[in-house]
Amino acid sequence: ILGLVIVALGVWMFWPGQVHTPKLGLDLRGGPQVILTPTSAEGGAAVTDEFALSEAAMSRFLDTSEVTQLNRHAQRGEPTVVGRRLAIAVQTCDRAHRLTSGRFDPRVIGQLDAWGYAGAALDAPVPLDTAGAPGRIAERVDRARIRLGHPIDLGGIGKGLAVRWAAARVQRVGVERFLLDAGGDIVARGN
């Protein structure tokens, strides 16, 4: 069914005589791009705002993001106070790691850096062997603080959560029909 939806959208987008001009483009760091044609100014603003909040919490490319600070504290073995978005993302990564018996592992920053896909600078280089390290991804120290054993990249899980949260926000402002596509992470609502 998803294949049919994609084909139908492709035909709709490229049908002769059709002109589709994006009204808003957001380049989320790391390559994905979200192109939206807001049906309401409020809906477009909600998506823009939600992506900004998600990026501030989960982008390893921003020196001031929460995940960058968490990763720096992880290198020192210190627990860190985290906000709701980052806590959910880290918990989701930890769960995915456990459910896949370690096949999903967000502790790949060393490899990403080695391949030239570096994010914000951390306190020290991340070793290449952190992915696959034993144990949980995160430890909840108390209600507000998390401790990581190794720095993490939230990657696709972070982007997927950002799109899901943006979709929920758009619905809260009253937009019932929309399609959000963040480089393959897609949420569609309506008919």
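**Figure 1. Buried residues of helix H3 in the predicted model.** The model shown here and in the other views is predicted. Val67, Thr68, Leu70, Asn71, Arg72 and Ala74 are the buried residues of helix H3. They pack against three other helices and two strands: H2 (41-58), H4 (84-99), H5 (109-114), E3 and E5. H3 itself spans residues 66-76. The helix lies across E3 and E5. Its angle to E5 is about 60°. Gly77 follows H3. The phi of Gly77 is positive, near 75°.

**Figure 2. The open sheet E3-E5-E4.** Three strands make up this open sheet, and their pairing is antiparallel. Strand E3 (80-81) and strand E4 (138-140) are the edge strands, each paired on one side only. Strand E5 covers residues 145-148. Two bridges join E3 to E5. In one detail of the pairing, Val81 has Arg145 of E5 as its bridge partner. Strands of a sheet pair through backbone hydrogen bonds, in parallel or antiparallel fashion.

**Figure 3. Thr80 in edge strand E3.** Thr80 sits in strand E3. Its relative accessible area is 9%, so Thr80 counts as buried; the cut-off for buried is under 20%. Beyond four places in sequence, Thr80 touches Leu70, His73, Ala144, Arg145 and Ile146. Among these contacts, Leu70 is one of the buried residues of H3. Arg145 is also the bridge partner of Val81.

**Figure 4. The largest nonpolar core.** This core has 33 residues. Val90, Ile146, Leu148 and Leu154 touch the most other members. H2, H3, H4, E5, H6 and strand E6 (178-182) each give two or more residues to the core. Helix H6 gives the most, with eight residues. In soluble globular proteins, nonpolar side chains tend to be buried together.

**Figure 5. Contacts of Leu154.** Leu154 is among the core residues that touch the most other members. Leaving out residues up to four places away in sequence, Leu154 touches Met58, Val67, Leu86, Ala89 and Cys93. One of these, Val67, is a buried residue of H3.

**Figure 6. Ala167 in helix H6.** Ala167 belongs to helix H6, residues 155-172. Ala167 has a relative accessible area of 1% and is therefore buried. Phe178, Leu180 and Val187 are in contact with Ala167, neighbours within four places in sequence left aside. Glu50 is 117 residues away from Ala167 in sequence. In space, the C-alpha atoms of Ala167 and Glu50 are 9.1 Å apart.

**Figure 7. The buried salt bridge Arg85-Glu50.** Arg85 and Glu50 form a salt bridge, with 2.3 Å between the closest N and O atoms. Arg85 is in helix H4 and Glu50 in helix H2, so the pair links distant parts of the chain, 35 residues apart. Both partners are buried. Asp49, Glu50, Arg85 and Arg169 are linked in a network of salt bridges. The count of salt bridges comes to 14. Side chains of opposite charge can pair when their charged atoms come close.

**Figure 8. The salt bridge Arg60-Asp113.** In this pair, the closest N and O atoms are 3.8 Å apart. Arg60 lies in the loop between H2 and H3, and Asp113 in helix H5. The partners are 53 residues apart, and the pair links distant parts of the chain. Arg60 is buried, at a relative accessible area of 6%. Asp113, at 32%, is partly exposed.

**Figure 9. The salt bridge Arg76-Asp123.** Arg76 and Asp123 form a salt bridge whose closest N and O atoms are 2.3 Å apart. Arg76 lies in helix H3 and Asp123 in the loop between H5 and E4, so the pair ties together parts 47 residues apart in sequence. Arg76 has 44% relative accessibility and counts as partly exposed. Asp123 is partly exposed, with a relative accessible area of 45%.

How values were computed. Residues numbered from 1 in each chain as written. Predicted model: local features only at pLDDT ≥ 70, side-chain atom pairs only at ≥ 80, totals over all residues. Heavy atoms only, no water. Helix = DSSP H or I, 4+ residues; strand = E, 2+ residues; numbered from the N terminus. Buried < 20%, exposed > 50% of the residue type's maximum accessible area, 1.4 Å probe, protein only. Contact = heavy atoms within 4.5 Å. Pairing = 2+ DSSP bridges. Axes fitted to C-alpha atoms, helices over the stretch in contact; angles between N-to-C directions. Core = buried A, V, L, I, M, F, W, Y, C linked by side-chain atoms within 4.5 Å. Salt bridge = Lys/Arg side-chain N within 4 Å of Asp/Glu carboxyl O.
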